[in-house]
Amino acid sequence: MASLSLTSITPQPTTGFSLKNSNNYSNPTTKFLAKKRRVVLTLATPSPQTSSSTTSEKPEIELEFLGPKPGSDGSYPVDKATAISGQKLLRNIMLDNNIELYAAYGKVMNCGGFGNCGTCIVEIVDGKDLLNERTKDELRYLKKKPESWRLACRTIVGNKENSGKVVVQRLPQWKK
């Protein structure tokens, strides 16, 4: 337990007289004198044993991001990240982990995650059931694209209860 001591100052009115001229008295005036009052605040924090037993682990989603082009050995480069289920958009996870999301034109011409441009297209290779359903924006921009393609800015990873692994192909339009 921690305790903190504070001092507050409360104005207390007093009545007095003041002199306008040396010969005349004026009406009574009110003056304020500060009165100190001591306040003690006690803060209680849970002990480490208590907090670990009451706090449950939040489900996590593991993400693997496959590069758009295979390397010299024929395998795609892989970037990995984790996210708490249901708390972030796929776009934000990629940007937070410095994982390339946009093609050259998309870096300049993207809408900032508002679902208005279609430059953040990704392909969900595995783990589609761990993501939200396609939104209206996705239906509009991706109507002629495969069902596995999603807009990263409209895709919520997890539903706050599930956990698992999602494999994402970056820039699927470049895939050979």
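Is Trp-174 buried, exposed or partly exposed? Trp-174 is partly exposed, at a relative accessible area of 33%. Those words have fixed cut-offs: buried is under 20% relative accessible area, exposed is over 50%, and partly exposed is in between, using a 1.4 Å probe and protein chains only. Before going on, a word about what you are looking at. This is a predicted model, where local features need pLDDT of at least 70, side-chain atom pairs count only at pLDDT 80 or more, and totals for chains, interfaces and linings use all residues. Residues are numbered from 1 along each chain as its sequence is written, and side-chain values use heavy atoms, with hydrogens and water left out.

Let's start with the overall layout. The protein chain has 4 helices and 7 strands, and along the sequence they come in the pattern β-β-α-β-β-α-α-β-α-β-β. Helices here are DSSP runs of H or I with at least four residues, strands are runs of E with at least two, and both are numbered from the N terminus. Of the 176 residues in the chain, 31% are buried. As for contacts (heavy atoms within 4.5 Å), take those in the chain with a separation of 6 or more: 63% of them are between residues 24 or more positions apart.

Now to the core. In soluble globular proteins, nonpolar side chains tend to be buried together. A nonpolar core is a set of buried Ala, Val, Leu, Ile, Met, Phe, Trp, Tyr and Cys residues joined through side-chain atoms within 4.5 Å. The largest one in this model has 25 residues, and Leu-63, Phe-65, Leu-90, Val-122 and Val-166 have the most contacts inside it. The elements that each give it two or more residues are S3, strand S4 (78–84), helix H2 (90–96), strand S5 (121–126), strand S6 (149–151) and strand S7 (164–170).

Phe-65 is a good place to stop and look around. This residue lies in strand S3, residues 60–66, and is buried, with a relative accessible area of 0%. Leaving aside neighbours within four places in sequence, Phe-65 is in contact with ten residues' worth of surroundings that include Pro-77, Val-78, Leu-90, Ile-93, Met-94, Val-168 and Arg-170. The C-alpha atoms of Phe-65 and Tyr-76, 11 residues apart along the chain, are separated by 9.3 Å. For Leu-63, the contacts beyond four places in sequence include Asp-79, Ala-81, Leu-90, Ile-93, Val-157 and Val-166.

Ile-93 turns up in both of those lists, so follow it into helix H2, where Ile-93 is found. At 2% relative accessibility, Ile-93 counts as buried. Not counting neighbours within four places in sequence, Ile-93 is in contact with Leu-63, Phe-65, Ala-81, Ala-83, Lys-88 and Val-157. The C-alpha atoms of Ile-93 and Cys-153 are 60 residues apart along the chain and separated by 10.0 Å.

Next come the cysteines. A disulfide is a pair of cysteine sulfur atoms within 2.5 Å, and by this rule the count is 0. Cys-111 is in no disulfide, and the nearest cysteine sulfur, that of Cys-117, is 3.6 Å away. Cys-120 is in no disulfide either, with the nearest cysteine sulfur, that of Cys-153, 3.6 Å away. Cys-120 is buried, at a relative accessible area of 3%.

Those cysteines also sit around a cavity: Cys-111, Cys-117, Cys-120 and Cys-153 are among the residues that line the largest one, including also Tyr-102, Asn-110 and Leu-151. On a 1 Å grid over the protein atoms alone, a cavity is a set of points where a 1.4 Å probe fits but cannot get out, and lining residues have an atom within 4 Å of a point. Grid points are joined across faces, edges and corners, and a volume is the space filled by probe spheres set on the points. The whole structure has 1 cavity of 30 Å³ or more, and the largest has a volume of about 40 Å³. The lining divides into 6 nonpolar, 6 polar and no charged residues.

Two residues have backbone angles to look at. Lys-160 is not a glycine, yet its phi is positive, near 75°. Lys-160 is in the loop between S6 and S7 and is exposed, at 58% relative accessible area. Leu-171, also not a glycine, has a positive phi of about 45°. Leu-171 is in the segment after S7 and counts as buried, at 0% relative accessibility.

That segment brings us back to Trp-174, which lies after S7 as well. Trp-174 touches Pro-68, Lys-69 and Ala-103, not counting residues up to four places away in sequence. Trp-174 and Lys-69 are 105 residues apart in sequence and 7.0 Å apart in space, C-alpha to C-alpha.

Conventions. 1 Å grid on protein atoms, 1.4 Å probe; cavity = no way out; pocket = protein on both sides within 12 Å on 5 of 7 lines; lining within 4 Å. Nonpolar A, V, L, I, M, F, W, Y, C, P; charged D, E, K, R; others polar.
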